[in-house]
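User: Please examine the following structure with me. I should like each answer to be reasoned from the coordinates.

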Amino acid sequence: MCHVVLQDPAFFRFLCRIDEELACATRLGRCPGCGGPLHVADYPRKPRGCPAAVREEYSWRLSFTCGRCNARATPPSVRFAGRRVYLAVVLMLVSPAGSSLSQGLCELFSIPARTLKRWRRWWREDFPSTPFWQSVRERFMPPVETEQLPQGLLERFEAGARANRLVQALRFMAPLSTTPRPGNPKVAAYPQRMPIA
Ligand SMILES: [Zn+2]
């Protein structure tokens, strides 16, 4: 069922609108370092995992730089997962090895098996120790089992349609798309341990 969503340009455009809202909020907040005004400084991306019809809209990561101290301020995103070339929605749909869902995902976007293996490892080993997950995991009762990630997390979002549940999960995960590097706000704010690709 998720593959229907992954081929629906309307779903991907909806995620663009959410990213625009998140960017708006970041801009209104002004520079986190000095309070200066933020100017548009989007940067190019070459994402994989979206339909060709929306590729142009997905070729830019919304971002700002401060007009006073020049620090970069990149808003959270429901589309991009750190520096990964594959989109956050693809990462969210990682399934156990050997499942038909997993096979379908690999075929749809030509994801190499080793990439999928790395993502699974990230969900099981790296994600649970992120400050983000540490700070929010107690909201889930009963707890989400590490072995069940990410499906176990996705299932906790209540929604009528699969697409709505995905959107809620992506919103929830958005803070992880930009973790500022402590003490060095001028470095582009990427998550520390997001695997690339
Ligand atoms: Zn500033």
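The questions and answers below concern a predicted model.

User: Which residues coordinate the zinc ion?

Analyst: The donors of the zinc ion follow the spacing C-x2-C-x31-C-x2-C along the chain. Each contributes its SG atom, at 2.3 Å. The coordinating residues are Cys31, Cys34, Cys66 and Cys69.

User: What is the arrangement of the 4 donor atoms around the zinc ion?

Analyst: Ideal angles for four tetrahedral donors are 109.5 degrees. Four donors count as tetrahedral if all angles lie between 85 and 135 degrees. Around the zinc ion the angles run from 99 to 116 degrees, so the arrangement is tetrahedral.

User: How many residues apart are cysteine 31 and cysteine 69, the pair that links distant parts of the chain?

Analyst: Both cysteines coordinate the zinc ion through SG. Cysteine 31 sits in the loop between α2 (9-28) and β1 (38-40), and cysteine 69 in the loop between β4 (64-66) and β5 (72-73). Along the chain, the two are 38 residues apart.

User: Is cysteine 31 buried or exposed?

Analyst: Buried means under 20% relative accessible area. For comparison, two other zinc donors, cysteine 34 at 30% and cysteine 69 at 25%, are partly exposed. Cysteine 31 has a relative accessibility of 5%, and therefore counts as buried.

User: How many disulfides does a search of the whole structure find?

Analyst: A disulfide requires a pair of cysteine sulfur atoms within 2.5 Å. Cysteine 24, for its part, is partly exposed, with a relative accessible area of 49%. Over the whole structure, the number of disulfides found is 0.

User: Which backbone oxygen does the side chain of serine 95 reach?

Analyst: Serine 95 is placed in the loop between α3 (88-92) and α4 (100-109). With 4% relative accessibility, serine 95 is buried. Its contacts, leaving aside residues up to four places away in sequence, are Leu101, Ser102, Arg120 and Gln151. At 3.0 Å, the side chain of serine 95 reaches the backbone oxygen of leucine 93.

User: Which side chain is joined to that of serine 102 by a polar contact of 2.9 Å?

Analyst: Serine 102 belongs to helix α4 and is buried, at a relative accessible area of 4%. Apart from residues up to four places away in sequence, serine 102 touches Ser95, Pro96, Leu116 and Arg120. The polar contact of 2.9 Å joins the side chain of serine 102 to that of arginine 120.

User: Where does proline 142, joined to methionine 141 by a cis peptide bond, lie?

Analyst: Most peptide bonds are trans. Between methionine 141 and proline 142, however, omega is about 0 degrees. The peptide bond from leucine 149 to proline 150 is likewise cis, with omega near 0 degrees, and proline 150 lies in the loop between α6 and α7. Proline 142 is found in the loop between α6 (131-136) and α7 (151-154).

User: What is the phi of arginine 30?

Analyst: Most residues other than glycine have a negative phi. Arginine 30 lies in the loop between α2 and β1 and is partly exposed, with a relative accessible area of 39%. Although arginine 30 is not a glycine, its phi is positive, at about 60 degrees.

User: Is asparagine 70 buried or exposed?

Analyst: Asparagine 70 is found in the loop between β4 and β5. This residue has a positive phi of about 70 degrees, although it is not a glycine. Exposed means over 50% relative accessible area. Because its relative accessibility is 55%, asparagine 70 counts as exposed.

Note on methods
Residues numbered from 1 in each chain as written. Predicted model: local features only at pLDDT ≥ 70, side-chain atom pairs only at ≥ 80, totals over all residues. Heavy atoms only, no water. Donors = N, O, S within 2.8 Å, 3.2 Å for Na, K, Ca; no water. Tetrahedral: all angles 85-135°; square planar, octahedral: opposite > 155°, others 65-115°. Helix = DSSP H or I, 4+ residues; strand = E, 2+ residues; numbered from the N terminus. Buried < 20%, exposed > 50% of the residue type's maximum accessible area, 1.4 Å probe, protein only. Polar contact = N/O pair within 3.5 Å; in protein donor to acceptor, adjacent residues only side chain to side chain. Contact = heavy atoms within 4.5 Å.
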